[in-house]
Amino acid sequence: MEAKYDFKKIETRWQKRWEENKEFNVEVDETSDKYYLLEMFPYPSGRIHMGHVRNYSIGDVVARYKSTRGANVIHPMGWDAFGMPAENAAIDEKVHPATWTFENISYMRNQLKGMGFSYDWDREIASCHPGYYKWNQWFFLKLYDQGLAYRRKSFVNWCPSCNTVLANEQVESGLCWRCSSVVAQKELEQWFLKITEYAEELLEGCDALNEGWPERVLTMQRNWIGKSYGAEVDFPLAEGSDVIRVYTTRQDTLYGATFMCLAPEHPLCLELTEGTEREEEVRRFVEEVVMEDKITRTAENTEKKGVFTGKYAINPMNGERIPIWVANFVLMEYGTGAIMAVPAHDQRDLDFARAYDISVRVVIHPRDGDLDQDTMTEAYVDEGYLVNSDKFNGVDSVEALDEIGRFLEEKGTGERTVNYRLRDWGISRQRYWGTPIPIIYCEDCDAVPVPYDDLPVVLPLEVEIKEHGKSPLPDYESFIKVDCPKCGKEARRETDTMDTFVCSSWYFDRYTCPRYEEGPLDEKALNYWMPVDQYIGGIEHAVLHLLYSRFFTMVLRDMGIIRQGEPYTRLLTQGMVIKDGAKMSKSRGNVVDPDDIVSKYGADTVRLFMLFASPPEKDLEWSDRGVEGAFRFINRVWRLVCNNIEELRKVDQPPAAMKALPENLKKIRRKTHQTIRKVTSDIEDRYHFNTAIAAIMELTNSIYLLEYGEGEKSEALLVLKEAVESLVQLLYPFAPHICEEIWQELGGEDTLTRHPWPEYDEDIAREEEIPIVIQVNGKVRNTIQVEAGTDDEEIKKLALNNEKIVQMTKDKEVQKVIVVPKKLVNIVIR
C-alpha cells in the first residue's frame, strides 16, 4: 500500500473498473426488493455546477447504501435536452442547437463519471432524441383521443425575449422564469392538456404524500390547485336575454353587490360596447391592460383601474340594476372571468368603488360594533349576521352560505359548486428546439392527428436558426407541407412544439425500459420499478414539474399502462449551494468550478465536504477551508490504514473470536458498534449525512488513540481490524473511491457495493449503566439505572415515567423538573 494518498490514480482506477464491470447495472429481479433512487435529470447547459454535485452526491449516498443493504437499486441518469437555452446559445454562438446540446451532454457525462456517481449508464436517455420524443407525441395523441388534449384561442403569457408562450407556473412575479423578461399577454391559438380533470385527485393525493414529501411542497401544490367552495350565480343583462355568470365564495353577500366587473379578456367587454359611444374607450382600456402582467394587475398595492361599459345587469336577489365595469384586477383564469363586486365586504371592491364613486351597502353586520357604509375605508370581511338582505336578515353569515345557495338553486338562478384555481396546461411553444406537436391542419378536415404509424414527426435538423428566437419551422416547406391523412388533400403541419415539461413528466418511467420499442413503456419493467422510492431535486420544481408528472402518472394509470397513481413515494428538496451569502451564479462572480476542485483535491473530498457541511434540506455555504478539512480527514483515514496494514493483513480470525476484553479494547469495540448504529440510523431514517460523517470522524479519532500492552496485541489487532473495516464500510457511500481501494488492500474479495453493510450488536454498543437518584420535592423516592451517555431530556422522561413516581405524582401538578447530570432528578410537585 503506497504511503501517499494518490487520489488521481485511485479514482481513475475505480471509475474504470466500475464501468468495465457494469457495477451499477441492474435488471428486473422479482426475487429481490427493488429500490428506485432518482435525482431530477439536468439540462445539458455545458458544465455541471456545485448545485448538481450536491444533488447527485446526496442521491449517491442513498443508492450505494441501499445496495449494501441488499436492495436491487436502479439509479439512472439522462438529459432534459430540449428547450430555449439551447436555441438562445445557438443564436449567440452561431452553432446548431443539436450540436450544442450533444457536445454538452458528452462533456457533462464525463464530469459525472469523474465524480464516481453510481449510475447505470446503459439506461441513459436524452429527451431531444427521436427515440424518446416519439413517445411524447404518442402520449399527446392518446390524450387527444380521450378529449384530454384540445385547441382553443386564449390569452397567453408571452415572453418577448424568448419569443414563446409560458405556462402560468412559468411566470414568477411577472417575469419569465428563464430570462427574467417582463411577461405580456397575447391572444393565440394554443394546445392544452386538461389537467383540470384531475384537480380533485391531485389535491386529495397531497394528503397521501404527507409522510414522504416536505409539507412546504405539498402546501404549494394545494395552493396552486386552489380548491374553493361557493356558488355560480346568473346576473341577467338589463337589456336582452343574456346572462353573466359569476363564481363567488361569498354568496352570503349577494345583496351587497352594487356593481359587476369583467376581466379585460372577457369576450363580453367588446360585445357589450360594440357600436356604442363607449366602444373606443373600452377597447383602448382592454388593449392596454391585457398587455400587463397578471401578477402585477392583481397585487394589493396596484392601482385599481376600470372603465364603465354603459350597460347594466340585474342583481338576481333584489332586482336592482347594477353597472357593469371592466376592471384590471379581474382575471379570466379565475372563476368565470366576471365578478359581483361587494365593496362593503371586499377591500379590492371597496377601493374600486371609492375611486369611481359607486355605492356601498353593508349586508354583514359585526356581532359587536357598527359599520358606516358611507365613510368606511376598510371592508368588513369577518363573520356576523345578515342585514339589508330581505328574508335572510338576522341569519348567521356562515349558515347563510348554504341557505342562499339552496335558495339560488330553487329559483334556478344559480347553484352551489366547487372551483379550482388550477387551469389547463398550455403546452404550445412557438420555438424550434422541442417536440413537434403531431397535428396536421387541412382546410376541409380542420385539425387531424398524425397517424400513430407515422410517428415520430421528426424535428428537421437541416434548418437555419433565426435571430431573436423566431422558429424556422413555419418557413421550412419540406416540413410543413404534407398530405391530409384523412382526405389526402394538401395540408400543413403544426409548427408549434411542446412545452419541455412534457418531456420531464414521464422520463422516470422510460428509465425502466429505455430501449423498449414496442410501445412507450414495458409494463413488466415499469410495474416492477415504479414508483420512484426516493426523488431528489430543487424546491423550484414544487409546482411545475412535480405537479405535471403527478398528472401524467394518473393519466397513464387510467390508460392501463401503470398500476400506481403517484410517481414518487418520497421527495427530498435539497438546499442551494451559496457563496459569500448568495447563490452561486456567473453574474455574481461567486462560482466555484467543480473541475478545479476535483483536480486539486479529488472527487471523494468534494463529495465529503458537500455532505458534511450541511443537512441536505438546508442551504450549504461554500468554504475553501471546509474542503481542505475534508481532504485532511480523507488523508488521515489513508494514513491510519497505511500505518497498520501489515499487521491487519495477518489477522485471520473473525470478530466472534473476541472473548473477554480489557476495558481499553472494550471501549474501542463499543465505539465501533455505536458508530455503526449511529450511521445506519442517520442514513436510513433521517438522511442526516453530516452527523453520520461526524460519527465516522469520532471513530477515526478513537482508533488513533488506541493503546494496548504487548500481552494484549492479539486481541487488540482483532478489535482494530473490526474497527477499521467498519470505518471503511461506513465511509464508503460518502467517499467510495478511497474506500474501495482500502477495502482491496485489506483483502476484500468483492467490491463494497456487493458487500453487506456492517451490523451492530446492541449488547456491545450499550454503554455501561449508571445509577440516577429520583427525588420528589427533595426527598429520595427511587433509583433507576440508565446507560452512561443518556442525555438529560431522556433521563427526565425515564424518571417521570417510572412506575413508582407515576403513582406518587398522580393528580399532582408537576411544577418543575431539575436534572443534575449523571446524578439525580428532582421533581417538584404541589
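## Charges, cavities and loops in one chain

The chain carries 102 positive and 140 negative side chains. The centres of these two sets lie 5 Å apart. The model is predicted.

Start with the overall frame. The C-alpha trace spans about 110 × 85 × 50 Å along its principal axes. The secondary structure comes to 26 helices and 32 strands. The chain has 830 residues, and 55% of them are buried. Now take the contacts with a sequence separation of 6 or more: residues 24 or more positions apart account for 72% of these. The exposed surface comes to about 36,800 Å². Carbon and sulfur atoms supply 46% of that area.

Next, the enclosed space. Rolling a probe the size of a water molecule over the atoms shows where empty space is left. A search of the whole structure finds four cavities of 30 Å³ or more. The largest cavity holds about 120 Å³ of space. Its lining consists of 15 residues. Gly83, Met84, Arg429, Asp499 and Thr500 are the lining residues nearest the centre of the largest cavity. Two strands take part as well. β4, residues 164-166, supplies at least two residues of the lining, and so does β23, residues 497-498.

Go on along the chain to Gly519. Gly519 sits in the loop between α14 (507-510) and α15 (523-529). Is this loop residue buried or exposed? Gly519 counts as buried because its relative accessibility is 8%, and the cut-off for buried is under 20%. Setting aside neighbours within four places in sequence, Gly519 is in contact with Trp135 and Arg510. Met376 gives a sense of distance across the model. Gly519 and Met376 are 143 residues apart in sequence, and their C-alpha atoms are 65 Å apart in space.

The other end of α15 leads to a cis peptide bond. This bond runs from Met530 to Pro531, with omega near 5°. Pro531 lies in the loop between α15 and β24 (532-537). Another cis bond joins Leu455 and Pro456, where omega is about 5°. Pro456 is in the loop between β20 (446-449) and α13 (477-480).

Backbone angles also pick out two aspartates. Asp390 is not a glycine, yet its phi is positive, at about 55°. Its place is the loop between β15 (385-386) and α12 (397-411). Asp390 counts as exposed, at 55% relative accessibility. Asp811 also has a positive phi, near 65°. Asp811 is found in the loop between α26 (803-808) and β31 (814-820). How much of Asp811 is accessible? The relative accessible area is 76%, so Asp811 is exposed; the cut-off for exposed is over 50%.

Follow the loop of Asp390 into α12, and Asp402 comes up. Asp402 is placed in helix α12. Asp402 counts as partly exposed because its relative accessibility is 42%, and partly exposed covers the range between the 20% and 50% cut-offs. Asp402 and Arg510 are 108 residues apart in sequence and 48 Å apart in space, C-alpha to C-alpha. Arg510 has appeared before, as a contact of Gly519.

Val360 is another loop residue to inspect. Val360 lies between α11 (347-356) and β14 (364-365). At 8% relative accessibility, Val360 counts as buried. Which residues surround Val360, leaving aside neighbours within four places in sequence? Val360 is in contact with Pro343, Ala344, Leu350, Ala353, Arg354, Gln373 and Met376. Among these, Leu350, Ala353 and Arg354 fall within the span of α11, residues 347-356. Met376 is the residue met earlier as the distant partner of Gly519, 65 Å away. Val360 and Val448 are 88 residues apart in sequence and 53 Å apart in space, C-alpha to C-alpha.

Finish in a helix. Tyr56 belongs to α2, residues 50-68. Tyr56 counts as buried, at 1% relative accessibility. Its contacts, not counting residues up to four places away in sequence, are Glu39, Met40, Pro42, Met77, Leu112, Phe117 and Tyr119. Tyr56 and Val156 are 100 residues apart along the chain, and 36 Å separates their C-alpha atoms.

Note on methods: Residues are numbered from 1 along each chain as its sequence is written. This is a predicted model: local features need pLDDT of at least 70, side-chain atom pairs count only at pLDDT 80 or more; totals for chains, interfaces and linings use all residues. Side-chain values use heavy atoms; hydrogens and water are left out. Helices (H or I, at least four residues) and strands (E, at least two) are DSSP runs, numbered from the N terminus. Buried means under 20% relative accessible area, exposed over 50%, partly exposed in between (1.4 Å probe, protein chains only). Contact means heavy atoms within 4.5 Å. Accessible areas come from the Shrake-Rupley method with a 1.4 Å probe; for residues, only the protein chains shown count as cover. Lys and Arg count as positive and Asp and Glu as negative; His and the chain ends are not counted. The place of a charge is taken as NZ of Lys, CZ of Arg, CG of Asp or CD of Glu. On a 1 Å grid over the protein atoms alone, a cavity is a set of points where a 1.4 Å probe fits but cannot get out, and a pocket is an open set with protein on both sides within 12 Å along at least five of seven lines; lining residues have an atom within 4 Å of a point. Grid points are joined across faces, edges and corners, and a volume is the space filled by probe spheres set on the points.
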